Amino acid sequence: MKDIRLMKGNEAIAEGVIRAGCDGYFGYPITPQSEVLEYLMANKTKERTGMIVLQAESEIASIHMVYGGAAAGKRVMTSSSSPGISLMQEGISFMAGTELPCLLLNVVRGGPGLGTIQPSQSDYFQTVKGGGHGDYKMIVLAPASVQEMYDFAKLGFELAFKHRIQVMVLSDGAIGQMMEKVELDEQVPRWTDAEIKIKSPWATTGKTPDRERNIITSLDLNPVKQEIININLQKKFKHIQDTEVRFERIQCDDAEYLFVAYGSSARICQKAVLLGRERGIKVGLLRPITLFPFPTIELAKLAKQVKGMLSVEMSAGQMVEDVRLAVNGVVPVEHYGRLGGIMPAPDEVLNILEKNFIKEKSYEPHTN
Amino acid sequence: MSHIPTKDEICEPENMVYSRTCLLTDNALSYCPGCGHGTAHRLIMEVIEEMNLQADTIGVAPVGCSVLAYDFMNIDMQQAAHGRAPAVATGIKRLYPDKFVFTYQGDGDLAAIGTGETIHVCNRGENITVFFVNNGIYGMTGGQMAPTTLPNMKTATSPFGRDTETMGHPLKITELIANLPGTYFVSRQSVHTPANVRKAKKAIEKAISYQKLNKGLCFVEIVSNCNSGWKMTPLESNKWMEDNMFPYYPLGDIKVPK
């Protein structure tokens, strides 16, 4: 019989990481994602799977605890929301430089600064373009349902270890807080120490006589060597761009107009597609599931089919830059976003699409 | 004329009374001649070898002069971001409670940028060992003022001497963390004379062996010279350390198990 439960998004990913065989979670409370740490603590993970859960003194400490565990070959993670993720950028950059696998979760809230605790998508640039110093990328998964919050725990760890890279689940306050049904799957066993030595021979597990010492460092003072390290990193990102793109096409086959949206905005646009079809507008939705790697090729293909694209984001226009790069001027690409924790309504975004591409092109800012 | 023995003849096994621990690599130390880091490295590695802990040890190197400690220590090591070694070590130790985990940190790393991590790793009583080399200055970046710089001491960023009214007071972080219930053994040593080296080694032995007891964090501060940063000869710097550092940072055990 299927194991189906009604869960919050934050609880679903917490259950997901337990079942994905996560070894350790290190985190610090922040709204709207504190349920992750709360759920893990309440679930006595130590007794259930042996998973360690620790409340750190700060987000900075959390990410560096993740660094230590990841460098020793364990499946480790942290979660936070926007201001906390900003604090973690140092550690994320160090993990990028040392190619350490880990799972990160950002349940995005409005910014800048302390902002608001309401949902937002204004951390796209920070997440997709690399929020810390140096030339690096993370794999970014954008869940649009509570089920995906659950699913991306396991997928995230798989991708992290497959490519030795950080995987960020870029959620938002709405997906984190809303409740939906979730289908759970079987428990994945945690790796034994012997398995870790085989799966991650680079990990610092203690130098044994059969191998040289393992060193995890992002430092190389020789610029010639440091350039080679960087070139190899870029090769890895290119390989990920070529092999790991994920997206969902919703009513795209006959679409003349296209919404491009991820996460909560994609849910809103999904409804707007239904409303649009009722109005006789052939509109579809391309939902990027991976924000890096971005579905550039798919969007370039769709640009040859549709008359215009509307990038809908709860931001001032961040993903739209990647949409425009993919479309490369073939058709008009417009942006519509609500800011500061406000979510747009389906008819609102549909009206904007109509105004931009179907009725005369005279854009007026939306007001409530 | 009597035969002068060659190096190879002298290095016969029966003549060997001391040799470098195999847990130090062949890499030439990058520390300035006269600096205490090399001796501190050697003592820690000697004890790990003597306790047969190489296969169970994971070390964490900081940012600072000892950023390249992993070049010299023949063990598995992680290089941590500035000040974050205690958090990194926490992550390792929580996931590998049976391993021997230590950090090796300087005063800027441990007592300035990493103060929060230091206090909390001690307060949680993580079963790790912290080696803290305190020379009262930022050595690697070129002799700037550290949290442990003494009053009126001249550095690159306190060229007229540390004015405690505007620049704060030297931080006795070791006394501070000794007050926390999470610390089990806290000692302050130096490595500038043979007698002090022997005492320091005993403290290091305790700090390493006590980790197995899982009774809390073990902490050994080594007050060291920085002849380059202090702009002195090695001998002058050792004398200055005795006259000025030791009165403020007195040597000896600060907290011992009951």
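This is a guided tour of a predicted model, going from chain A as a whole to its main sheet, then to the contact with chain B and a few backbone details.

**Chain A as a whole**

Select chain A and colour it by secondary structure: 15 helices and 15 strands appear. The radius of gyration is 21 Å, close to the 21 Å that the globule rule gives for 368 residues, so chain A is as compact as a globular protein of that length. Aligned on its principal axes, the chain has C-alpha atoms that fill a box of roughly 75 × 50 × 40 Å. Buried residues make up 54% of the 368 in chain A. Now display contacts between residues at least 6 apart in sequence: 78% of those in chain A join residues at least 24 apart.

**The seven-stranded sheet of chain A**

Next, select strands E3, E2, E4, E5, E7, E6 and E13 of chain A; in that order they form an open sheet with mixed pairing. Strand E3 (52-55) and strand E13 (290-292) are the edges, each pairing on one side only. With direction ignored, neighbouring strands of this sheet are turned by 20° against each other on average.

Zoom in on strand E2 (residues 24-27) and strand E4 (residues 76-80) of chain A, which run parallel and are joined by two bridges. Within this pair, A:Tyr25 stands opposite A:Met77.

Add helix H1 (residues 9-19) of chain A. Helix H1 packs on the sheet and touches E2, E4, strand E5 (102-108) and strand E7 (166-172) of chain A. The direction of H1(A) makes about 175° with that of E5(A). Then add helix H4 (residues 59-71) of chain A, which lies across E2, E3, E4 and E5 of chain A. The angle between H4(A) and E4(A) is about 165°.

**Where chain B meets chain A**

Show both chains and select the residues in contact across them: 29 in chain B and 33 in chain A. On the chain B side, the elements that give two or more residues are strand E1 (57-61), strand E2 (76-79), helix H4 (85-95) and helix H6 (115-123). Which of them gives the largest share? H4(B) does, with eight residues. Coloured by residue class, this side of chain B shows 14 nonpolar, nine polar and six charged residues.

Stay on helix H4 of chain B. Of its 11 residues, 11 are buried, so H4(B) is largely enclosed by the rest of the structure. The buried residues include B:Lys93 and B:Arg94, along with B:Val88, B:Ile92 and B:Leu95.

Move to strand E9 (residues 215-216) of chain A. Two bridges join E9(A) to E2(B), and the two strands run parallel. In E2(B), pick B:Gln78, the bridge partner of A:Ile216.

**B:Ile58**

Select B:Ile58, in strand E1 of chain B. Is this residue buried or exposed? B:Ile58 has 28 other C-beta atoms within 10 Å, and 20 or more make a residue buried, so B:Ile58 counts as buried. Leaving aside residues up to four places away in sequence, B:Ile58 touches A:Ala72, A:Thr204 and A:Gly206 in chain A. Its contacts in chain B are B:Asp76, B:Gln78, B:Ile92, B:Lys99 and B:Val101. Measure out to B:Phe102 as well: B:Phe102 is 44 residues from B:Ile58 in sequence, and 6.8 Å from it in space, C-alpha to C-alpha.

**Backbone details**

Most residues other than glycine have a negative phi, and most peptide bonds are trans. The last stops depart from this pattern.

- Select A:Gly111 and A:Pro112. The peptide bond between them is cis, with omega near -5°. A:Pro112 lies in the loop between E5 and helix H7 (124-128) of chain A.
- Go to A:Phe292 and A:Pro293, also joined by a cis peptide bond, where omega is about 0°. A:Pro293 is in the loop between E13 and helix H13 (296-303) of chain A.
- Select A:Arg164, where phi is positive, near 50°. This residue is in the loop between helix H8 (146-163) and E7 of chain A. A:Arg164 has 15 C-beta neighbours inside 10 Å and counts as partly exposed.
- Finish at B:Lys231, with a positive phi of about 60°. B:Lys231 is in the loop between helix H10 (227-230) and helix H11 (234-248) of chain B. With 12 C-beta neighbours inside 10 Å, B:Lys231 counts as exposed.

Conventions:
Residues are numbered from 1 along each chain as its sequence is written. Chains are lettered from A and ligands numbered from 1 in the order in which they are written. This is a predicted model: local features need pLDDT of at least 70, side-chain atom pairs count only at pLDDT 80 or more; totals for chains, interfaces and linings use all residues. Helices (H or I, at least four residues) and strands (E, at least two) are DSSP runs, numbered from the N terminus. The radius of gyration is taken over C-alpha atoms; the globule rule is 2.2 Å times the number of residues to the power 0.38. Two residues are in contact if their C-beta atoms, placed from the backbone, lie within 7 Å. Ala, Val, Leu, Ile, Met, Phe, Trp, Tyr, Cys and Pro count as nonpolar, Asp, Glu, Lys and Arg as charged, and the others, Gly among them, as polar. Two strands pair if DSSP finds at least two bridges between them. Axes are lines fitted to C-alpha atoms, for helices over the stretch in contact, and angles run from 0 to 180 degrees between N-to-C directions.
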